[in-house]
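Here is my note on the model you sent, set out as numbered points. I would suggest reading it with the structure open beside the text.

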Amino acid sequence: QVQLVESGGGLVQAGGSLRLSCATSGRTFTNYALGWFRQAPGKEREFVASSTWAGSTTLYADSVKGRFTISRDNTKNTVYLQMNSLKVEDTAVYYCAARWGGARMTSGDYWGQGTQVTVSS
């Protein structure tokens, strides 16, 4: 059974940092891009960041460029999202996703259950 399990969410003040982790299991994700999406209350799910299997290509939403960094450790089957300089508008449920192919992810073949990130002013 394929599983993507997120962790690391929580409550943080604006300007602070959090590091999300997504542990994958149940299959190998060679040639799969891994990425993060988020969904704020009342809004549609949106792309945040993604990385190819080798990490050679990473993509970011304009709203998080320069603040968020995606990385993956294939030896641990884990992808990370380092979030710095957090803003109130970053508040959302963050989802990990895996999709076969390149880093340009519009959706995922596999999804995690999500982790809540709340940024207070």
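1. A charge is taken to sit over a ring when NZ of Lys or CZ of Arg is within 6 Å of the ring centre and within 35 degrees of the ring normal. In this predicted model, the charged end of R45 meets that description over the ring of Y95, at 4.1 Å from the ring centre. The charged end of R19 sits over the ring of Y80 as well, and here the distance to the centre is 4.0 Å.

2. The aromatic residues deserve attention next, since the structure holds six aromatic pairs. One of them is formed by F37 and F47, whose ring centres are 5.7 Å apart and whose planes make an angle of 80 degrees, an edge-to-face arrangement. F37 belongs to strand 4 (residues 32-39) and F47 to strand 5 (residues 46-51), so this pair ties together parts that are ten residues apart in sequence. As for accessibility, F37 counts as buried at 3% relative accessibility, whereas F47 is partly exposed, with a relative accessible area of 22%.

3. Y95 and W111 form another ring pair, with centres 6.5 Å apart and planes at 85 degrees, so that this pair too is edge-to-face. Because Y95 lies in strand 9 (residues 92-100) and W111 in strand 10 (residues 110-111), the pair ties together parts that are 16 residues apart in sequence. Y95 is buried, with a relative accessible area of 14%, while W111, at 27% relative accessibility, counts as partly exposed. Ring pairs also link F37, F47, Y95 and W111 into a cluster, and Y95 is, as noted in the opening point, the residue whose ring lies under the charged end of R45.

4. How do strand 4 and strand 5 pair, and over how many bridges? The two strands run in the antiparallel sense, and five bridges join them. Within this pairing, L34 stands opposite S51 of strand 5. The hairpin that strand 4 and strand 5 make has six residues between the strands, and G42 in that hairpin takes a positive phi near 80 degrees.

5. Strand 5 also pairs with strand 6 (residues 58-60), again in the antiparallel sense, through three bridges. On this side S51 stands opposite T58 in strand 6, so S51 has a partner residue in strand 4, namely L34, as well as one in strand 6. Strand 5 and strand 6 form a hairpin with six residues between them, and in its turn G55 has a positive phi of about 80 degrees.

6. T52 may be worth inspecting by eye, as this residue lies in the loop between strand 5 and strand 6 and yet counts as buried, at 14% relative accessibility. Leaving aside residues up to four places away in sequence, T52 touches Y32, A33, T57, R72, G102 and A103.

7. Two asparagines should be checked for their backbone angles. N31 has a positive phi of about 70 degrees although it is not a glycine; N31 is found in the loop between strand 3 (18-25) and strand 4, and it is partly exposed, with a relative accessible area of 47%. N77, which is not a glycine either, has a positive phi of about 55 degrees. The loop that holds N77 runs between strand 7 (68-73) and strand 8 (78-83), and N77 is partly exposed, with a relative accessible area of 40%.

8. Which residues does the disulfide join? The structure holds one disulfide, and it joins C22 to C96, with an S to S distance of 2.1 Å. The torsion about the S-S bond of C22 and C96 is about -80 degrees, and therefore the disulfide is left-handed. C22 lies in strand 3 and C96 in strand 9, so the pair ties together parts that are 74 residues apart in sequence. Both cysteines are buried: C22 has a relative accessible area of 0%, and C96 likewise has a relative accessible area of 0%.

Technical notes
Residues are numbered from 1 along each chain as its sequence is written. This is a predicted model: local features need pLDDT of at least 70, side-chain atom pairs count only at pLDDT 80 or more; totals for chains, interfaces and linings use all residues. Side-chain values use heavy atoms; hydrogens and water are left out. Rings of Phe, Tyr and Trp (its six-membered ring) pair if their centres lie within 6.5 Å; planes under 30 degrees apart count as stacked, over 60 as edge-to-face and the rest as tilted. Helices (H or I, at least four residues) and strands (E, at least two) are DSSP runs, numbered from the N terminus. Buried means under 20% relative accessible area, exposed over 50%, partly exposed in between (1.4 Å probe, protein chains only). Two strands pair if DSSP finds at least two bridges between them. A disulfide is a pair of cysteine sulfur atoms within 2.5 Å. Contact means heavy atoms within 4.5 Å.
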